Amino acid sequence: MRRSPVRRSLARRTSARRTSVRRSSLRCSPVCLALGVITLAAVACAPASESTGVRSSGDGASAAASCAKDALTLVTPGKLTIGTDKPAYEPWFKDDDPANGQGFESAVAYAIAQKMGFTKDEVVWTVVPFDSSFAPGPKKFDFDINQISITPEREKAVDFSQGYYTVKQGVVALGDSQFAGASGLADLKGAKIGVQAGTTALRAVQQVIEPGIEPSVYNQQIDAINALKNKQIDAIVVDLPTAFYVTAAQVEGSKIVGQFAAQSDAPEEFGLLFQKGNGLVGCVDEAIGELKASGELAEIESRWLTAAAGAPELS
C-alpha cells in the first residue's frame with residue numbers, strides 16, 4: 001500500500017537531522033613515498049576534495065575517465081534510470097510528470113544528467129514508493145530523487161550523494177491575516193507564532209525571527225495547524241516542504257508568507273539515494289559540485305522553490 005502524502009510529510013519531518021558525513025582526506029603513509037610506487041600513490045593517496053563536498057576517485061585524468069558515460073555501470077546500459085514516487089507533487093515536480101523537466105527536483109535531475117553526458121531522451125524515470133527507496137537491497141534505479149533527507153540511520157542501508165537542497169523554514173499564515181503580506185522578518189516581530197516543540201523550526205523562530213511575543217509551542221504539529229485554522233495564532237513556522245503541503249491540503253485559505261534559512265551547524269539536506277556500494281555516487285557528486293560552483297543549482301532553486309512556488313525569501 002502506497003504511503004499517503006500526510007504520512008510522507010510526517011516521516012520526513014520527524015527524520016533525525018543529518019550530521020553531514022564527508023569522507024576524510026586520505027593521508028599517504030611513508031610507504032607511499034618509496035621509489036617504484038609513486039604512480040600507485042598518485043591514485044590511492046590523492047586527497048578527497050573537502051572544499052566542495054565532492055568525493056574524489058583519484059587524480060583528475062582517472063576520475064574523468066571513470067565518469068565517462070560509456071564507463072558507467074548503469075541499470076540499463078546507455079540510459080540513466082531515475083526513481084521517484086507517484087504522485088509527484090509540486091513544486092518538486094509539475095503536472096505529476098517528472099519527465100517534463102519542470103519543478104525543482106525534475107530540473108535538478110536533468111541538470112545532473114546533462115553534466116554526466118546524458119541527453120534528455122537518455123533519461124528514464126521509474127516509479128519508486130518513498131518508503132521502499134531507502135530499504136536495503138537491490139535497486140531498479142541508478143539514483144532516486146524524492147525529497148529524501150540524509151540521515152545516519154538511512155545511510156546504514158543506502159548511499160547518498162552530497163546534499164542538493166538545504167531545507168529552509170516556511171512561514172504560513174491565513175490569507176486574510178495582517179501578517180500574510182509580510183515582506184521581511186521584521187514584519188513578523190509582532191506576530192503570535194505557533195511551532196512544534198523540539199523542532200528546527202522552534203529554534204529558527206527563537207534565533208532568527210525573535211518575535212516580541214513568546215511563540216506558542218505545541219507537542220504535535222497538527223495542534224499548531226489547528227490553532228492556525230481557529231485563528232488562535234497568526235502564523236506557524238514549519239520546514240518549507242511541510243509548508244507546501246499545509247497550504248495545498250491542510251489549511252484552506254492559507255498561504256506561504258515566505259521562507260528563510262535557519263541557523264544550524266547541521267542543517268537538514270536532501271540527497272540523491274543510491275543502492276549501497278554504487279560506484280556512481282562519486283560521479284554524481286562531481287556533477288552536483290559543478291552545479292553548485294557555477295550557480296546553476298541556486299538558479300534552479302530560485303526559479304522553482306521561490307518564484308514559481310510563491311515562497312519569497314524573507315530577510
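**View 1. Asp 96 sits in a loop with a positive phi.**
At 29% relative accessibility, Asp 96 counts as partly exposed. That class lies between buried, under 20%, and exposed, over 50%. The model shown here and in the other views is predicted. Asp 96 belongs to the loop between E1 and H4. Its phi is near 55°. This is a positive value in a residue other than glycine.

**View 2. Two cis peptide bonds lead into prolines.**
One runs from Lys 86 to Pro 87. Its omega is near 5°. Pro 87 lies in the loop between strand E1 (80-84) and H4. The other cis bond joins Glu 90 to Pro 91. Here too, omega is near 5°. Pro 91 is also found in the loop between E1 and H4. Asp 96, from View 1, has its place in the loop between E1 and H4 as well.

**View 3. Helices H4 and H11 pack roughly antiparallel.**
Two packed helices are described by the angle between their axes and the distance between the axes. H4 covers residues 104-115, and H11 covers residues 296-307. Their axes come within 9 Å. They cross at roughly 160°. Angles over 145 degrees count as roughly antiparallel, so H4 and H11 earn that description. The crossing is right-handed. On the H4 side, the contact is made by Phe 104, Ala 107, Val 108, Ala 111 and Lys 115. On the H11 side, Glu 296, Leu 297, Ile 300, Glu 301, Trp 304 and Leu 305 take part. By class, the contact has 8 nonpolar, no polar and 3 charged residues.

**View 4. Glu 210 has a positive phi in a loop.**
What is the phi of Glu 210? The value is about 50°, although Glu 210 is not a glycine. The residue lies between helix H7 (200-209) and strand E8 (216-218). Glu 210 is partly exposed, with a relative accessible area of 47%.

**View 5. Ser 254 is a buried residue in strand E10.**
Strand E10 spans residues 254-260. Ser 254 has a relative accessible area of 13%. Buried means under 20%, so Ser 254 counts as buried. Where does its side chain reach? It meets the backbone oxygen of Val 251 at 2.6 Å. Leaving aside residues up to four places away in sequence, Ser 254 touches Val 172, Ala 173, Leu 174 and Gly 175. Val 246 and Thr 247 are also among the residues that Ser 254 touches.

Notes
Residues numbered from 1 in each chain as written. Predicted model: local features only at pLDDT ≥ 70, side-chain atom pairs only at ≥ 80, totals over all residues. Heavy atoms only, no water. Helix = DSSP H or I, 4+ residues; strand = E, 2+ residues; numbered from the N terminus. Buried < 20%, exposed > 50% of the residue type's maximum accessible area, 1.4 Å probe, protein only. Polar contact = N/O pair within 3.5 Å; in protein donor to acceptor, adjacent residues only side chain to side chain. Contact = heavy atoms within 4.5 Å. Axes fitted to C-alpha atoms, helices over the stretch in contact; angles between N-to-C directions. Parallel < 35°, antiparallel > 145°, perpendicular 65-115°, else oblique. Left-handed = near helix turned anticlockwise from the far one by under 90°. Nonpolar A, V, L, I, M, F, W, Y, C, P; charged D, E, K, R; others polar.
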